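Visitor: Please take a close look at a single part of this model, and spell out the criteria as you go.

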Amino acid sequence: MTDAHPDAHPEDQPEDLPGQDEHYFSADPTVPFKRAAVTAEVWGRSLSLVSGSGVFARGRVDIGTAVLFRETEPPAGGRVLDLGCGYGVIGLAVAVCAPGSTVTAVDVNERAVLLANDNAAALGVADRYRAAVPDAVDPHATYDEIWSNPPIRIGKQALHELLLTWLPRLAPHGRAVMVVGKNLGADSLQRWLGDQGFPTTRLASAKGFRVLESRRG
């Protein structure tokens, strides 16, 4: 599991270690931990959040996640998983904009988990939002929806293993909504998801990204 993810855009490369992204996928990044404020525009709301070094998109909302918010509506509620939560922006947006939701957020990066839970407390949604490392999540839990900017740069095999770990936890007729860079294999991922038994359609295409919706029958 990992947190939110680098894409191919220069402005979304890490600020503290240019050209490297391994620390995003580490449980305990080696870069010094410095917090940075972020104002995230999500589904017509502004969220005041805190990000940090060693966690993707320090001090900003990455382009792919911004596209995800612009091209979708928040879920109606239910049990929602934020897969690869980073400092928490997607799952926190769901918790704030969908009051009937209960959000579980997962990430291998312990800094990301700390920041996400701190942000949930600051936003007043800690009673409906919990971030954790994957091993701390109930393996029998199921979800009505999964929302994610998946970690494409962990490699195709690792990404496939990640998705096949979590997508089967969708409840019957549940869905996953993901944003993926076109130049990072969004179209081939869409086909692969369908081959795995998760029919996938393209909800939108903007700024070099695809917004995909996968369904569980």
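Guide: What follows covers one helix pair, and then the strand pairing.

This is a predicted model, in which local features need pLDDT of at least 70 and side-chain atom pairs count only at pLDDT 80 or more, while totals for chains, interfaces and linings use all residues. Residues are numbered from 1 along each chain as its sequence is written, and side-chain values use heavy atoms, with hydrogens and water left out.

Helices (H or I, at least four residues) and strands (E, at least two) are DSSP runs, numbered from the N terminus. Helix α4 (residues 156-166) and helix α5 (residues 186-195) have axes that come within 12 Å and cross at roughly 45°. The axes are lines fitted to C-alpha atoms, for helices over the stretch in contact, with angles from 0 to 180 degrees between N-to-C directions. Angles under 35 degrees count as roughly parallel, over 145 as roughly antiparallel, 65 to 115 as roughly perpendicular and the rest as oblique, so α4 is oblique to α5. On the α4 side, L159, H160, L163 and L164 make the contact (heavy atoms within 4.5 Å); on the α5 side, L189, W192 and L193 do. These residues divide into six nonpolar, one polar and no charged, where Ala, Val, Leu, Ile, Met, Phe, Trp, Tyr, Cys and Pro are nonpolar, Asp, Glu, Lys and Arg charged, and the others, Gly among them, polar.

Turning to the strands, pairing requires at least two DSSP bridges. Strand β3 (residues 78-83) runs parallel to strand β4 (residues 101-106), joined by six bridges, and L83 stands opposite V106 of β4. β3 also pairs in the parallel sense with strand β6 (residues 143-148), over four bridges; there, D82 has W147 as its bridge partner.
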